[in-house]
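Here is a quick tour of a small model, starting with the whole chain and ending with a couple of loop residues. Have the viewer open while you read.

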Amino acid sequence: DRVVAFTRRLGTFDVLIVASLNDTAFRDGYRLDAGPSRLPPGAWREVLNSDSAFYGGADVGNLGAALPSEGGRLDLRLPANGLLVLVREA
């Protein structure tokens with residue numbers, strides 16, 4: 001699928017970065033399945049979308065929504081050739 005995802009943690013602050021190198025957007029959703037130790041449960045809020053209309057993009061993404069993660073799985077919409085940054089809400 002040409003998708004790269006990784007998390008970074010500082011104390012209790014978790015950040016998830018997801019990059020799609022695919023030429024086609026995942027408008028119907030993409031399931032990220034990383035396992036609970038790598039993707040903690042909770043609500044992940046999209047805080048940056050490189051495909052936002054604000055940056056001149058097509059606005060394919062999650063519109064700043066808080067997306068639930070459980071069991072190390074997260075379903076999200078990914079833009080083509082784009083980057084999302086999500087922060088886990090406490």
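What follows goes from the overall fold to two loop positions.

This is a predicted model, where local features need pLDDT of at least 70, side-chain atom pairs count only at pLDDT 80 or more, and totals for chains, interfaces and linings use all residues. Residues are numbered from 1 along each chain as its sequence is written, and side-chain values use heavy atoms, with hydrogens and water left out.

**The whole chain**

The protein chain has seven strands and zero helices, so its pattern along the sequence reads β-β-β-β-β-β-β (helices, H or I, of at least four residues and strands, E, of at least two are DSSP runs, numbered from the N terminus). The C-alpha atoms fill a box of roughly 35 × 25 × 20 Å along the principal axes. The radius of gyration of the protein chain is 12 Å, which agrees with the value near 12 Å for a compact globule of 90 residues; this radius is taken over C-alpha atoms, and the globule rule is 2.2 Å times the number of residues to the power 0.38.

Of the contacts with a separation of 6 or more, 63% join residues 24 or more positions apart (contact means heavy atoms within 4.5 Å). Buried residues come to 38% of the 90, with buried meaning under 20% relative accessible area, exposed over 50%, and partly exposed in between (1.4 Å probe, protein chains only).

**Two loop residues**

Here they are next to each other.

| Residue | Loop | Relative accessibility |
|---|---|---|
| S52 | between β4 (42–49) and β5 (66–70) | 18%, buried |
| L21 | between β2 (13–20) and β3 (26–33) | 46%, partly exposed |

What does the side chain of S52 have within reach? One of its polar atoms lies 3.1 Å from the backbone nitrogen of F54. Setting aside neighbours within four places in sequence, S52 is also in contact with G57 and D59. S52 counts as buried because its relative accessibility is 18%.

Now for L21, which touches R2 and N81 once residues up to four places away in sequence are left out. How far apart are L21 and L84 in space? Their C-alpha atoms are 12 Å apart, while the two residues sit 63 residues apart in sequence. L21 counts as partly exposed because its relative accessibility is 46%.

Notes: A polar contact is a pair of N or O atoms within 3.5 Å; within protein, one must be able to donate a hydrogen and the other to accept it, and residues adjacent in sequence count only if both atoms are side-chain atoms.
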